Each structure stands twice: as structure tokens, then as C-alpha cells.
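This report goes through one protein structure part by part. Please look at the sequence and the model first, and then read on.

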Amino acid sequence: MGNQFTAADVGYLGSAQGESALAAAQEYSLTSATVLNDVAALRPRYGDNTAALVETVRLRRRARAKLEGAERWLFTDDALQQATPTPVARHRSRRLAGRAVHDVTCSIGAELAALQAVCPVVIGSDLDRVRLSMARHNLSATPNIALLRADALQPCSAGTAIVADPARRAGGRRTHDPADLQPPLPELLAAYRGRDLVVKCAPGLDFDRLTPPGPGGGDAGRAWDGEIEVTSLDGSVREACLWSRGLTEAGVHRRATVLGGDGSSWSITDIESDDIPEREPGEWIIDPDGAIVRAGLVRHYAAGRGLWQLDPRIAYLTGDTVPPGVRGFRVLDRLTFREKALRAELRRRDCGPLEILVRGVDIDPDALRRRLRPGGSTPHTVVITRIGSTATAFVCRTPPAR
């Protein structure tokens, strides 16, 4: 589970003595294979501080892939897992640029670091004393941030846009129930009713269960009436974010934002057209970015790019051209899905490395690949989906990796 940090640990790690000890611990591998021997070597020098040193070095190494400039930061394991990746935090901060902002669940400060670059007033608060102490250490070079200990469900600032990131674990397990978040999402929405509010959530959250109570407990069945933005980074869906009505464009209820590690960014919303034709499959199959699928904007994406769906109920798209920057699969053959026929077709095509994409049918791609036993030399991709009531396999040319 990792080290359980205390306030004394944070004080030590942030001191000159602790920084020197961290530099020494950094020289050790601290991998799963070496950590026991490494700890045994460090303990005679650092005694009871050894566990905090080792955990901090290991967490900093993990943070490199997620947070920019965090080489000297302090973390807990849970805080690092939930911390927003820097490109995603910067995207959110750009939407709040120029505003006074209060992050009411600031944790170790990852969100605050992005906000302070574009917001004139930034406040961070948290109930967890240890994480708040870590945030003070992590943001010590940014004096324009005010930090205080406060309950997220007890508003303590005025004139600020509220940012919140409820913890997504309940009883040690990840939850998709808004009521099981900490603080519970319905209570959080009620506490800041009428305020400009941004709430970061897991992309798998069941948004249909958002039921913020109205005054006197009424309005219990009303769903979120602002915007839900689903964001991906380098093809991986990272989060969903709730934006209150005052922080989004008129009429927008769903948005998908696609970010690249190279700084690229684009979005699509549900106010764009979703009018697409019903046609037979084209020359290419396109698997839309996960943010588009999770946000329910597959048709909107297709309409703006001259694409259409293989089947109205399936998120695979098709067309005669591939949009720029998108990985498309050139269709070589189409057949009703039967393993024996598919195996014969792949063998005829000298199929070697095989990628299998599945949607709408109950098939385990890894198990199917083992059964197909491709033994050739030519890479192929097989897209298996349901068109109408028929399970269909498309044998495709594997595109080069992006």
C-alpha cells in the first residue's frame, strides 16, 4: 500500500536534511527486485525516516510521466494516482483564465500549479493536513496561491469559480457512484448551487445518477444541466469534467476534448451537426478517440469529417478517406464472422502480427488471436463488430503507428 505519510514526515522531507537524504536515496534503484536490499542499505543512515524517503523517491519517478516540474514535489500514493496530468490541468486552466479560482479539494497542488499561471487569484483548501502540508512545499515558489484547511462542503470564499476533484475510492475500491465520492457529488453540487463550478470526475462515472437536491429537497431527479466534458490525452481517456452553465457556451451539454502530448488540442460539442448518411461501409474504418465515444459525440464527429457509422448502434465509423491525424484501417475484405473462415482468409493473406478490434460482440481479442494462430509475416488488423444482427469481420491493412 505504500508509506502512510505523517506531518512529521513532510517536515523532514522538506528540510535541508531531508533534501540531502532524498538525493542519497535517489542513487538507489529501488525497483521491486532491489528495494529490500536498498532499504537495508539506507536504514543504518536514516533510521525511521527510511520508509518516507524510499516512497518519495519512487513516487517522484512515477510522477515524471504525469506531472511536469514535479521532480522535487512530495506526494502520497493516492494523491499521485488522482493528480491531473499537466496537459489536462493546463487545458482546464485556460478555460478559467482571468478568473479568481478556489480549488476546494486541492490535495498536493497539481491543479493549483496550472491555475496560478493564468488566474490572478488562486485559493487552495483541503481537509487533509498532510496533503495540505505537501501542497505548501510543492507550491512554495508560487507565493500568489493562498492555502488553508477547510471542508469542501462548507463554502468559505466569495466571488470565486470553484474547482473540485472528489476522491474516487470508497472502502478502498474505485467507485462510479456519484454518491460514494468524497465528498459526495450530490452534496458538493448542492453546496455550490448557483456558483460557477467545475468538478473533475472519472470518465466512467454514472452521470445519469447525478441528482442534486433542490431547495427543501425537491428537484431530486434533475440531471446535471451544465456541460460534461470528456478529455483524452494521447489517445487515453483521462477524465470527465462537469462545467456549470455559467462557464460554458450556450446550448453546450456535451464536449469531447482531444489533447496530445505535443501540445495539440481540439474539441467537438453537441451543438454541432450530427446529420450523417446511412450507407454501406466505405474503404476505411475509423475508430474514434475514446473521448468522443464516452461523450456520445460519434455522429457529430462523423458529420464534420464526411464519415458515417458502420451501424447506428456501434461507434466504429467508415468513409472513403481518413481525416488528418487519425489512424484508419484500409478494408481488404468483409465476411460474416466465423472463426474457421476468418482463419483461412488470414492464412491466405500470409497474416503475421495481428491486431483485433472488437465492438458490439462478445469476443475476447486475445483468446481469439491465440485460436487463429497467425503464422505469416504480413501485419493485419481485424475489426469485428455487429452490423444489424450479423457479426461481421473486416480484414484490414494495419496502418503504421502514430
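D234 is exposed in this predicted model, because its relative accessible area is 57% and the exposed class begins over 50%. The residue sits in the loop that links β8 (227–233) to β9. Its phi is near 50 degrees, a positive value in a residue other than glycine.

S107 also has a positive phi, of about 50 degrees, although it is not a glycine. S107 belongs to the loop between β1 (100–103) and α7. With a relative accessibility of 13%, S107 counts as buried, since buried means under 20%.

Positive phi values also occur just after two helices: D350 follows α12 with about 60 degrees, and R373 follows α13 with about 50 degrees. The table gathers these residues.

| Residue | Place | Phi |
|---|---|---|
| S107 | loop between β1 and α7 | about 50 degrees |
| D234 | loop between β8 and β9 | near 50 degrees |
| D350 | just after α12 | about 60 degrees |
| R373 | just after α13 | about 50 degrees |

Another backbone feature is a cis peptide bond between Q182 and P183, with omega at about 0 degrees. P183 lies in the loop from β6 (173–174) to α9 (185–191).

**The chain as a whole**

The protein chain holds 13 helices and 18 strands. Of its 402 residues, 48% are buried. Taken along the principal axes, the C-alpha atoms fill a box of roughly 65 × 60 × 35 Å. Among contacts between residues at least 6 apart in sequence, 64% join residues at least 24 apart.

**Nonpolar cores**

In soluble globular proteins, nonpolar side chains tend to be buried together. Here the largest nonpolar core has 47 residues, and L13, F75 and L96 have the most contacts inside it. Helix α4 (residues 50–63) gives the largest share of this core, six residues. A second, separate core has 33 residues, including A164, L205, A291 and A295.

Which residues does F75 touch, leaving aside its neighbours within four places in sequence? F75 is in contact with F5, L59, R60, A63, L67, A70, L80, I108 and M134.

A161, in strand β4, counts as buried because its relative accessibility is 0%. Apart from neighbours within four places in sequence, A161 is in contact with L96, R99, A100, V101, H102 and D196. The C-alpha atoms of A161 and D275 are separated by 36 Å, and the two residues are 114 residues apart along the chain.

**A buried aspartate**

D289 is found in the loop between β12 (284–286) and α10 (290–294). Is D289 buried or exposed? Its relative accessibility is 17%, so D289 counts as buried. Its side chain reaches the backbone nitrogen of A291 at 2.9 Å. Not counting residues up to four places away in sequence, D289 touches S232, G235 and V258.

**Helices α12 and α13**

In helix α12 (residues 339–348) the buried residues are L342, R343, E345 and L346. Why do they lie on the same side of α12? They cover an arc of only 165 degrees around the axis, which puts them on that same side. K340, R347 and R348 are exposed on the face turned away from the buried side. The buried residues of α12 are covered by elements that include β15 (328–336), β16 (351–359), α13 (365–372), β17 (378–387) and β18 (390–397).

In α13 the buried residues are A367, L368 and L372. Their arc around the axis is only 135 degrees, which puts them on the same side of α13. They pack against α12, β16 and β17. At the start of α13, a side-chain oxygen of D364 comes to within 3.0 Å of the backbone nitrogen of D366.

**The largest pocket**

The volume of the largest pocket is about 1300 Å³. Its lining is made of 50 residues, and D78, A79, Q82, R131 and A167 lie nearest its centre. At least two lining residues each come from α5 (77–82), α7 (110–115), α8 (129–138), β4 (161–164) and β9 (236–243). The largest share of the lining, five residues, is supplied by α5.

Definitions and conventions. Residues are numbered from 1 along each chain as its sequence is written. This is a predicted model: local features need pLDDT of at least 70, side-chain atom pairs count only at pLDDT 80 or more; totals for chains, interfaces and linings use all residues. Side-chain values use heavy atoms; hydrogens and water are left out. Buried means under 20% relative accessible area, exposed over 50%, partly exposed in between (1.4 Å probe, protein chains only). Helices (H or I, at least four residues) and strands (E, at least two) are DSSP runs, numbered from the N terminus. The arc is that of the directions from the helix axis to the C-beta atoms. Contact means heavy atoms within 4.5 Å. A polar contact is a pair of N or O atoms within 3.5 Å; within protein, one must be able to donate a hydrogen and the other to accept it, and residues adjacent in sequence count only if both atoms are side-chain atoms. A nonpolar core is a set of buried Ala, Val, Leu, Ile, Met, Phe, Trp, Tyr and Cys residues joined through side-chain atoms within 4.5 Å. On a 1 Å grid over the protein atoms alone, a cavity is a set of points where a 1.4 Å probe fits but cannot get out, and a pocket is an open set with protein on both sides within 12 Å along at least five of seven lines; lining residues have an atom within 4 Å of a point. Grid points are joined across faces, edges and corners, and a volume is the space filled by probe spheres set on the points.
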